[in-house]
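Hi everyone, thanks for coming. Let's look at some side-chain contacts together, so please have the structure open in front of you.

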Amino acid sequence: MQAKNRPAGDLPPIQDVLAVDKIYHGDSRELLKRIAPGSVSLSFWSPPYFVGKNYEKGVTFDEWRTMLTEVVKLHEPIIKPGGFMVVNIADILCFSDPTIPRFQAESYGANRLPVRREDILAVMAENPGANRHEIARILGVSEQTVDRRLKNNNVRGGKYAPQTRVHLVGCFLESAAYEVGMPLYDRRVWVKDPAWENSQWHSNSLRAVDEFEHLYFFWKPGITQVDRKRLHREEWSQWGSRAVWNIRSVRANDDHEAKFPPELPRRMIRLLTDPGELVLDCFVGSGTTTAEAIRHERRYIGIDKEEKYAALATKACEAAYCDRFALFSEAGESNEY
Ligand SMILES: C[S@@+](CC[C@H](N)C(=O)[O-])C[C@H]1O[C@@H](n2cnc3c(N)ncnc32)[C@H](O)[C@@H]1O
């Protein structure tokens with residue numbers, strides 16, 4: 001591991017340094033170079049996962065990996081000594097690889113479910129407005145079965161699609177951070193709702209449904225404040241010192257496809273920073289991290305390459321300021337008595 005010695009010429013000219021408490025529209029690979037050196041106490045982010053979301057269309061696997069590696073490395077100069085970069089990411093569960101042998105399942109028993117398309121249509125008629133999940137529950141079958149029957153596609157598991165394998169991603173994040181002198185300090189698991197729709201495999205594959213993600217804590221060597229008063233005693237035992245965090249996923253991803261549940265950045269901010277410190281999210285999306293930073297009296301910088309998400313995050317920050325001022329004035333009023 002090699003800590004980078006930064007030549008003075010690498011510093012951004014003072015007029016280019018990003019002001020704090022703002023959301024920026026642009027590419028993190030450019031904008032991270034303009035953050036004041038040693039200023040960020042916590043950078044918490046979740047990048048595209050290379051799973052085909054709209055905001056990652058047209059990007060190849062190599063381009064995606066290079067982008068993430070660059071972003072990780074650009075953190076070394078801007079994180080303050082003793083501070084953290086925490087990355088939330090999932091492994092790629094269906095990485096297409098035509099070079100590997102096809103998984104050959106031999107199915108035993110009467111595994112052809114007796115549910116027909118007509119049965120599903122009848123349940124839909126009896127339960128207008130019921131979603132696919134509810135219909136599956138009523139019939140006692142999986143959502144995939146409902147989907148296959150409705151689409152008249154009774155071939156299990158995409159018989160003609162290329163074979164897929166699981167591709168781990170933590171290893172290349174770890175190598176990139178280690179190379180610039182930021183060792184992996186801790187790792188936790190976020191257990192979310194089971195995401196049946198994202199698991200593109202079928203009931204006789206033996207694969208598990210997608211229901212957890214990783215939280216990788218990288219540390220920049222230096223003095224770290226460890227203040228036990230940041231959390232209550234019960235919070236330390238329930239999650240502060242626990243490796244598994246159970247937090248429900250966001251139910252309505254109507255304005256952004258992959259939002260954090262607010263509890264996730266809230267925990268990270270309260271565990272790793274003090275009020276007044278700077279929190280960065282360089283893949284800010286709908287602005288969940290920056291809004292939580294405001295609600296907990298931290299400073300923030302948010303970055304997103306999509307203009308519509310930078311605007312959405314700005315709105316989320318405005319709403320968070322309103323919440324904070326409302327709390328502040330309630331407290332002020334009660335002090336008058
Ligand atoms: C997984 S989402 C983050 C969602 C966010 N945590 C939230 O709670 O809404 C990833 C975001 O990264 C943005 N993005 C992708 N590549 C980027 C890049 N090179 N620079 C900045 N933002 C990027 C996408 O537009 C997307 O909004």
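Let me start with a question: is Phe50 buried, partly exposed or exposed? Phe50 turns out to be partly exposed, because its relative accessible area is 21%, and the cut-off for buried is under 20%. Please keep in mind throughout that this is a predicted model.

Let's stay with the aromatic rings. There are 11 aromatic pairs in the model. One of them joins Phe50 and Trp64, with ring centres 5.6 Å apart and planes at 35 degrees, which makes the pair tilted. Phe50 sits in the loop between strand S2 (40-45) and helix H2 (61-73), while Trp64 is in helix H2 itself, so this contact links parts of the chain 14 residues apart. Unlike partly exposed Phe50, Trp64 is buried, at 2% relative accessibility.

Now a second pair, Trp239 with Trp245: here the arrangement is edge-to-face, with 5.7 Å between centres and 85 degrees between planes. Both of these tryptophans are buried.

If you zoom out from Phe50 and Trp64, you'll find them in a cluster of ring pairs that also takes in Phe61, Phe95 and Phe172. Phe172 has a charged visitor too: Arg65 lies over the face of its ring, 5.8 Å from the centre. There's another contact of this kind at Trp236, where the charged end of Arg228 sits over the ring at 3.9 Å from its centre.

On to the charged pairs. Side chains of opposite charge can pair when their charged atoms come close. How many salt bridges does the model have? The count is 22, and I'd like to walk you through three examples.

First up is Lys80 with Glu277, at 2.6 Å from N to O. Lys80 lies in strand S3 (residues 79-89) and Glu277 in the loop between helix H8 (263-272) and strand S9 (278-281), so the bridge ties together parts that are 197 residues apart in sequence. Lys80 is partly exposed at 27% relative accessibility, whereas Glu277 is buried at 16%.

Next, Arg270 and Glu235 meet in a salt bridge at 2.9 Å, N to O. This one connects helix H8, home of Arg270, to Glu235 in helix H7 (residues 233-240), across 35 residues of sequence. Are these two partners buried or exposed? Arg270 is buried at 19% relative accessibility, and Glu235 is buried too, at 15%.

The third example stays inside one helix. Arg295 and Glu292 form a salt bridge with their closest N and O atoms 3.1 Å apart. Both belong to helix H9 (residues 288-295) and are 3 residues apart, about one turn of the helix. Arg295 is partly exposed, with 32% relative accessible area, but Glu292 is buried at 2%. These two also take part in a network of salt bridges with Glu263, Arg266, Arg267 and Asp323.

Before we finish, a quick look at the backbone. Which residues other than glycine are worth checking for a positive phi? One is Asp21, with phi near 65 degrees. Asp21 lies in the segment before strand S1 (22-25) and is partly exposed at 23% relative accessibility. Another is Glu297, with a phi of about 60 degrees. You'll find Glu297 in the loop between H9 and strand S10 (299-304), and it counts as partly exposed at 46%.

Thanks for listening, and I'm happy to go back to any of these contacts.

Definitions and conventions
Residues are numbered from 1 along each chain as its sequence is written. This is a predicted model: local features need pLDDT of at least 70, side-chain atom pairs count only at pLDDT 80 or more; totals for chains, interfaces and linings use all residues. Side-chain values use heavy atoms; hydrogens and water are left out. A salt bridge is a side-chain nitrogen of Lys or Arg within 4 Å of a carboxyl oxygen of Asp or Glu. Helices (H or I, at least four residues) and strands (E, at least two) are DSSP runs, numbered from the N terminus. Buried means under 20% relative accessible area, exposed over 50%, partly exposed in between (1.4 Å probe, protein chains only). Rings of Phe, Tyr and Trp (its six-membered ring) pair if their centres lie within 6.5 Å; planes under 30 degrees apart count as stacked, over 60 as edge-to-face and the rest as tilted. A charge sits over a ring if NZ of Lys or CZ of Arg is within 6 Å of the ring centre and within 35 degrees of the ring normal.
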